[in-house]
Amino acid sequence: MELYHPFSNIIIFIVSFLFLLVLLKIVKRWSYNNSMINLLPPGPWTLPLIGNIHQVISRSLPHHRFKILADKYGPLMHLKLGEVPYLIVTSPTMAKEIMKTHDLNFCDRPNLLLSTIFTYNATDIVFSTYGEHWRKLRKICVEQLLSVKRVESFRFIREEEVSDLVKSIFVSEGLIVNLTQKISSLTYGIVARTAFGKKSKHQQAFKSAIEQVLSLLGGICISDLYPSIKILPKMSRAKTKLEKLHRQLDMILQDIIDGHKSSHSEVCKDEEDLVDALIKIQQENDYSQSQNPLTDDNIKSIIQDMFAAGSETSSGVVLWAISEMIKNPKVMEAAQVEVRRVFDKKGYVDETELHQLIYLRNVIKETLRLHPSVPLLVPRESREKCQVNGYEIPAKTRIVVNVWAIGRDQRYWVEAESFKPSRFVNNPIDFKGTNFEYIPFGAGRRICPGIAFGLPNIELPLAQLLYHFDWKLPNKMKNEDLDMTESFGITLRRKNDLCLIPFTRRP
Ligand code: HEM
């Protein structure tokens, strides 16, 4: 006997209808995804959930890994890391598209867990999102803190600190000197004195905390790749570590600000350090009575930026330049001949004649080409959906510009892997962000505002070290055997300390 239910036809109809609906939805989503894939720049296949994380995380450094992938997929490459779309830029033409043609759309910074904690909720200059607050701080930075006049007012600090360095090397004549330690202390020392005035009792603790922060910021935090999973930040060990360092730095900086405030009226303009200058701006009517006054936290975040952006970058360039000159003795000799010709009349090196060191400037330029201090620049984020080179870049895509790979690309540089400062002779290419094959300081609205501040911190120590000493590798090592391995981090540093033996040539 056949079993019959009076509603069976209706049930079959409803089930079929629902099935069709689901099918339609799947087909629609599939075709939408496919059309998106066609519009997105090329990139490797993505896996469910992890996207391309497995292709990026490897033993090699991120800028090396991105270059290998870009060689396969092109200069505008799309990756998905976890949930987040990334755009990897690896040619001057594409860098120009991002940082000039569409700069306004790509001048935001992503909201990353660790940098947000470190920078008082991203209210500093480096990590602040594009907008009124960033414009206000950047203006203060460019017009007041890092202006040519201000840089000149700190000249005596640089000359004293570098002269102390030279004295400490004189006494190590013929012995092995750890230049990495010496140069890193020198640049921290210069930035600390320009920021705080006299030597602070917290200097060593501050230096060590900033170094640890920079090394943490160089890593990728898993919670930044899965922003929708709100529990992840709470589980991050790096976050706990960074919060502790942040509290430590905050206490030191507040102590320094309070100390400056209590003796503020006594400071004359010529002796002003950066904290004095910021307190003065804070107390000026415009700022103290505006709706967005400059707070103590703002001052602390700006000072931290000066340390984070201005010390490891400069010391890194000095150390890479010396390393390259050791490997290329003819370059070292040419630089020494120049600096000794210019300063022999005086018998000592100061900043007045630095502009005459044309060859040394080319050595620095070439160093920044092969060893850019920030090899992937600071990440940017697209503010809106945008078309680049015929591809559609979604809003909130994170942008990584591989300056390291662009600087070593055979298509734009002859003998790209060789260290040849002479390539910059009679060559108008400069690092001001207009030649996109050479952008070690970035370009566009977010270009580094510290170029004028940073250059003397590189030129003066190099000139002094080349003027007074000849340098040899220890243990009868051959010049060509000097290890040039890079270490992991937001800035590009030597993995192993640079240790050399000085021989005095100009006492
Ligand atoms: C060798 C020295 C230096 C190098 C190679 C360097 C490089 C850079 C790079 C690549 C950026 C990111 C640009 C971008 O996103 O497009 C940057 C940003 C920045 N740098 Fe430098 N920098 C150096 C020295 C300094 C110094 C000495 C200071 C200040 C004391 C400084 C302050 C800053 C600030 C505040 C930003 C953030 C700008 C913004 O987001 O608006 N830098 N720097």
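Analyst: A residue is called buried if 20 or more other C-beta atoms lie within 10 Å of its own, exposed if 12 or fewer do, and partly exposed in between, with the C-beta atoms placed from the backbone. The structure is a predicted model, in which local features need pLDDT of at least 70 and side-chain atom pairs count only at pLDDT 80 or more, while totals for chains, interfaces and linings use all residues. Residues are numbered from 1 along each chain as its sequence is written.

User: Why is Leu49 called exposed?

Analyst: Leu49 has 9 C-beta neighbours inside 10 Å, and exposed means 12 or fewer, so Leu49 counts as exposed. Leu49 lies in the loop between α1 (8-39) and α2 (53-56), where helices (H or I, at least four residues) and strands (E, at least two) are DSSP runs numbered from the N terminus. Its phi is positive, about 70°, although Leu49 is not a glycine.

User: What makes Asn426 exposed?

Analyst: Asn426 counts as exposed because it has 6 C-beta neighbours inside 10 Å. This residue is found in the loop between α20 (403-407) and α21, and its phi is near 50°, a positive value in a residue other than glycine.

User: How do you know whether Val401 is buried or exposed?

Analyst: For Val401, 29 other C-beta atoms lie within 10 Å, and buried begins at 20, so Val401 is buried. Val401 is found in strand β7 (residues 398-401). Leaving aside neighbours within four places in sequence, Val401 is in contact with Val89, Ala95, Ile98, Leu376 and Leu377, where contact requires C-beta atoms, placed from the backbone, within 7 Å.

User: Why is Thr504 called partly exposed?

Analyst: Thr504 has 13 C-beta neighbours inside 10 Å, a count that falls between the limits for exposed and buried, and therefore Thr504 counts as partly exposed. Thr504 is found in strand β9 and, not counting residues up to four places away in sequence, touches Phe170, Glu173, His468 and Phe469. Its C-alpha is 58 Å from that of Trp45, and 459 residues separate Thr504 and Trp45 in sequence.

User: What makes β8 and strand β9 a pair?

Analyst: Two strands pair if DSSP finds at least two bridges between them; β8 and β9 (residues 499-504) have four bridges, in the antiparallel sense, so the definition is met. One bridge partner of Trp471 lies in β9, namely Pro502. The open sheet has three strands in the order β3-β9-β8, with antiparallel pairing. Its edge strands are β3 (177-178) and β8 (469-472), each of which pairs on one side only.

User: Which residues of helix α14 are buried, and what covers them?

Analyst: In α14 (residues 274-283), Leu274, Val275, Asp276, Leu278 and Ile279 are buried. The cover over the buried residues of α14 includes α6, α9 (179-196), α13 (237-262) and α16.

User: How do you know which residues surround the ligand?

Analyst: A residue is near a molecule if its C-beta atom, placed from the backbone, lies within 6 Å of it, and 26 residues surround the ligand, the closest being Gly310, Gly442, Cys448, Gly450 and Gly454. Two or more residues of the shell come from each of α6 (132-145), α16 (296-310), α17 (312-327) and α21 (451-468), and α16 gives the largest share, four residues.

User: What makes the residues of the shell nonpolar, polar or charged?

Analyst: Ala, Val, Leu, Ile, Met, Phe, Trp, Tyr, Cys and Pro count as nonpolar, Asp, Glu, Lys and Arg as charged, and the others, Gly among them, as polar. Around the ligand this gives 16 nonpolar, seven polar and three charged residues.

User: What is the pLDDT over residues 31-35, and how should it be read?

Analyst: pLDDT is the predictor's confidence in each residue, from 0 to 100, and over residues 31-35 it stays under 50, with zero contacts beyond four places in sequence. Where pLDDT is low, the predicted coordinates should not be read in detail. Across the protein pLDDT averages 91, and 91% of the residues score at least 70.

Note on methods. Two residues are in contact if their C-beta atoms, placed from the backbone, lie within 7 Å.
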